[in-house]
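I set out to record what surrounds a few chosen residues, how two helices meet, and what the chains share. The entries follow in the order in which I looked things up.

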Amino acid sequence: MNTILFISIVLIAGAMAGTIHGLTNLALVEPYLDNAIMIENQALFASGQAEDTPEFWAEYKSYRSWQKEGQVLASAILGTSMGALFGIVYVLSRDALPKGGDLKKASVLAAIMWFSVYLVPFFKYPANPPTAGDGETVVLRAALYLLFIGITGFGVVVFYQVYRRLTKNKRFVAFAGYAALVAVAFVLMPPNPDENTIQTELLNGFRIMSAIGVTIFWTTLAIILGVLWQRLRPDSETNLEHH
Amino acid sequence: MTYIAKKGLDNMTNLSMQVTRSPRKVPVAAVVILGLVFTVGLFVVGFDQGHILSVVFGEQAFEEMYIHELTHDLRHTAGFPCH
């Protein structure tokens, strides 16, 4: 295994997928964020914490532009970070993934990780736009979210080991076991403690676009890493020999 | 075709590329480096509330929350808890 090539492929794939995710968010999700922050502004005016003046709006526009640029930068960082995790899992599980090229293997793994560390947690603790969350509960919510992802993510690893040890006609037990684990976690874990008062239309639109964005990220991550691995083969040594 | 050129061509045709898969050894150093990238990146983007910059700016970093504000929009769009 060529270590430097392996690390490079993983980080490049993550950074590229993350940047694509960030640019996609600019079109898909930012309009919803703007609407939600506008509600926050109206609340500030109503409570007297801010004044509806041209100076306020000039500063607001400049601040939001900075935050939108930050969103793209943060997406590249998060993409690199998730790409690193994906690379570790990929190199450890590559031989266990379905036979075929690396594009196929990476796509299968990305689908599993998208499902277990994003989609399942999303149903328990869905994404919320600004104004929906209470700053006082952010640490509790972060802990709950991480714990739930830990359960659904490591649950896959545990039940994959069960799956491997079972004969073909009994493998459904592993799937049933994972489903039972997720169901128990859903019931036992406390709900989001914040009361959500945001308009349903804004909330649902935001969540759908957010989910589409993250799905695009996992798809592009699988494609870029799979193609790069297939072409550059960090797990191979190329020798030129005379016969 | 000159003798040298013909000889070179013969060598080229006899040259075969052999791709050998190295033993299934996962480099521990790579896993450690990538693990660090994952942990630090996730904390910066998803959970920092001033902690990182507090090393330089002290308590002020927790009030300004510069990194939180910079990553604010992604925190919401990627599903991380925020305000």
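Entry 1. I looked up A:Arg64 first and found it buried, because its relative accessible area is 4%, under the 20% cut-off. I note that the model is a predicted one. I placed A:Arg64 in helix H3 of chain A, which covers residues 54–93.

Entry 2. I then asked which residues A:Arg64 touches, not counting those up to four places away in sequence. Within chain A, I listed A:Glu30, A:Leu33, A:Asp34 and A:Ile37; from chain B, I listed B:Asp73. With B:Asp73, I found a polar contact between side chains, at 3.1 Å.

Entry 3. I turned to helix H1 of chain A, residues 3–28, and its crossing with H3(A). I read an approach of the axes within 6 Å and a crossing angle of roughly 140°. I recorded the crossing of H1(A) and H3(A) as right-handed. From H1(A), the residues making the contact include A:Phe6, A:Val10, A:Gly14, A:Gly18 and A:Gly22. From H3(A), I noted among them A:Lys68, A:Val72, A:Gly79, A:Gly83 and A:Gly87. I asked how the residues of this contact divide by character, and found ten nonpolar, twelve polar and one charged.

Entry 4. I moved to chain B and located B:Gln49 in the loop between helix H2 (28–46) and helix H3 (54–57). Is B:Gln49 buried or exposed? I entered B:Gln49 as buried, because its relative accessible area of 17% is under 20%.

Entry 5. I listed the contacts of B:Gln49, leaving aside neighbours within four places in sequence. In chain B, these are B:Ala61, B:Phe62, B:Met65, B:His68 and B:Arg75, and from chain A there is A:Val138. I found that the side chain of B:Gln49 makes a polar contact of 2.6 Å with the side chain of B:His68. I found another with the side chain of B:Arg75, at 3.2 Å. I also took the C-alpha to C-alpha distance from B:Gln49 to B:Glu63, 8.8 Å, for a separation of 14 residues in sequence.

Entry 6. Lastly I looked up the contact between the chains. I counted 62 residues from chain A and 41 from chain B. I noted a buried area of about 4400 Å² between chain A and chain B, with carbon and sulfur atoms giving 66%. On the chain A side, I recorded A:Trp66, A:Leu78 and A:Tyr145 as losing the most area to chain B, together 11% of what that side buries.

Terms used
Residues are numbered from 1 along each chain as its sequence is written. Chains are lettered from A and ligands numbered from 1 in the order in which they are written. This is a predicted model: local features need pLDDT of at least 70, side-chain atom pairs count only at pLDDT 80 or more; totals for chains, interfaces and linings use all residues. Side-chain values use heavy atoms; hydrogens and water are left out. Helices (H or I, at least four residues) and strands (E, at least two) are DSSP runs, numbered from the N terminus. Buried means under 20% relative accessible area, exposed over 50%, partly exposed in between (1.4 Å probe, protein chains only). A polar contact is a pair of N or O atoms within 3.5 Å; within protein, one must be able to donate a hydrogen and the other to accept it, and residues adjacent in sequence count only if both atoms are side-chain atoms. Contact means heavy atoms within 4.5 Å. Axes are lines fitted to C-alpha atoms, for helices over the stretch in contact, and angles run from 0 to 180 degrees between N-to-C directions. A crossing is left-handed if the near helix is turned anticlockwise from the far one by less than a right angle, and right-handed if clockwise. Ala, Val, Leu, Ile, Met, Phe, Trp, Tyr, Cys and Pro count as nonpolar, Asp, Glu, Lys and Arg as charged, and the others, Gly among them, as polar. Buried area is the accessible area (1.4 Å probe) that two parts lose on being put together, summed over both.
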